[in-house]
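Here are a few exercises to help you find your way around a new protein. Have a go at each one before you read the solution.

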Amino acid sequence: MFRSGAQRCLNCDAVLTGPVCESCELTPQAASLVLRRKLVLRTGLFLLGSLAFVAATYRYPPLDVDGMLVFCGVVFFVGLGLAIWVERGAIRGSQVAIRKRLFLALLPVPWLLAGLLVVNAKLDDAKVREHYTRVVGKFSMSAIVPTRRLVVVSWRAGRRFERVPVSQSEYAQFRVGQEVVVEIHPGLGIPWVAGVVPANNLSGPTAGDPSPARSQGWSPRRPRSDAP
Ligand SMILES: [Zn+2]
């Protein structure tokens, strides 16, 4: 599709046959300028999408939030790297058609992930599931994006622990060794955390046999109101 050799317009990727692009009627200098201007806008959109994704993980925190954050982080840095590579190429007048397409392919990914989390939560009308378990560790990091996790004994087959995203108050409330109930919305395939409450606050299996973690059936619970 983009064979090397043919000189292409930086703006519209048409093959150049003269000093001015026949398709968009721009000189190579003007095409470079237009490309870089569009690139700034698209990079802004890409950054906004990444912020939207992070915001969605706070509003509807997926149980497997860390894996999703790592994936989105990789997409973010690859996308940013591609944008810089396109910009450098445009300044030097190199062929950037393929880099441009790679960047454009990545651009919607953070938006799609953010949308996926919102749809997963908004269309989820199943009742919250309560999982009785025990806190075995805590993890908090106050970087640009504050991260707070309660490490609990997992209730899922084949897993030892869950790193449950929690709000600031939940993080402060629980200590290692404490029995808790993790409330999980099933979602449309992506389980997300409704909240964590002390085990003795609920009438259910009594605290005292925290390991292995037990799961209780469906029961109505409030929607999450104090997302971090
Ligand atoms: Zn052109």
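**Exercise 1.** Find which residues of helix 1 meet which residues of helix 4, and sort them by nonpolar, polar and charged.

*Solution.* Keep in mind that you're looking at a predicted model. Start on the helix 1 side: Phe46, Gly49, Ser50, Ala52, Phe53, Ala56 and Thr57 are the ones to pick out. Across from them, helix 4 brings Pro110, Trp111, Leu113, Ala114, Leu117 and Val118. Now sort the residues of this contact: you should get 10 nonpolar, 3 polar and no charged.

**Exercise 2.** Describe how helix 1 and helix 4 are set against each other.

*Solution.* Two packed helices are described by the angle between their axes and the distance between the axes. Take helix 1 as residues 28–59 and helix 4 as residues 109–122. Their axes come within 7 Å, and they cross at roughly 25°. Angles under 35 degrees count as roughly parallel, so helix 1 is roughly parallel to helix 4. To finish, add the hand: the crossing of helix 1 and helix 4 is left-handed.

**Exercise 3.** Work out whether strand 4 (residues 179–185) is buried or exposed.

*Solution.* In a regular strand the side chains alternate between the two faces of the sheet. So check one face at a time. On one side of strand 4 you have Glu179, Val181, Glu183 and His185, and they're all buried. Flip to the other side and Val180, Val182 and Ile184 are buried too, so both faces are covered. That's 7 of the 7 residues, so strand 4 is largely enclosed by the rest of the structure.

**Exercise 4.** Track down the strands that strand 4 pairs with, namely strand 1 and strand 5, and say which way they run.

*Solution.* Begin with strand 1 (residues 129–142): it pairs with strand 4 in the antiparallel sense, over 6 bridges. For an example, go to Arg134, whose bridge partner in strand 4 is Glu179. Next comes strand 5 (residues 192–198), which is joined to strand 4 by 6 bridges and also runs antiparallel to it. Here, try Ile184: its bridge partner in strand 5 is Val193. Strand 4 and strand 5 form a hairpin with 6 residues between them. In that turn, look for Gly187, which has a positive phi of about 65°.

**Exercise 5.** Zoom out and write down the pattern of helices and strands along the sequence.

*Solution.* First count: the protein has 5 helices and 6 strands. Then read along the sequence, and you get α-α-α-α-β-β-β-α-β-β-β. As a last step, note that 29% of the 228 residues count as buried.

Terms used:
Residues are numbered from 1 along each chain as its sequence is written. This is a predicted model: local features need pLDDT of at least 70, side-chain atom pairs count only at pLDDT 80 or more; totals for chains, interfaces and linings use all residues. Helices (H or I, at least four residues) and strands (E, at least two) are DSSP runs, numbered from the N terminus. A residue is buried if 20 or more other C-beta atoms lie within 10 Å of its own, exposed if 12 or fewer, and partly exposed in between; C-beta atoms are placed from the backbone. Axes are lines fitted to C-alpha atoms, for helices over the stretch in contact, and angles run from 0 to 180 degrees between N-to-C directions. Angles under 35 degrees count as roughly parallel, over 145 as roughly antiparallel, 65 to 115 as roughly perpendicular and the rest as oblique. A crossing is left-handed if the near helix is turned anticlockwise from the far one by less than a right angle, and right-handed if clockwise. Two residues are in contact if their C-beta atoms, placed from the backbone, lie within 7 Å. Ala, Val, Leu, Ile, Met, Phe, Trp, Tyr, Cys and Pro count as nonpolar, Asp, Glu, Lys and Arg as charged, and the others, Gly among them, as polar. Two strands pair if DSSP finds at least two bridges between them.
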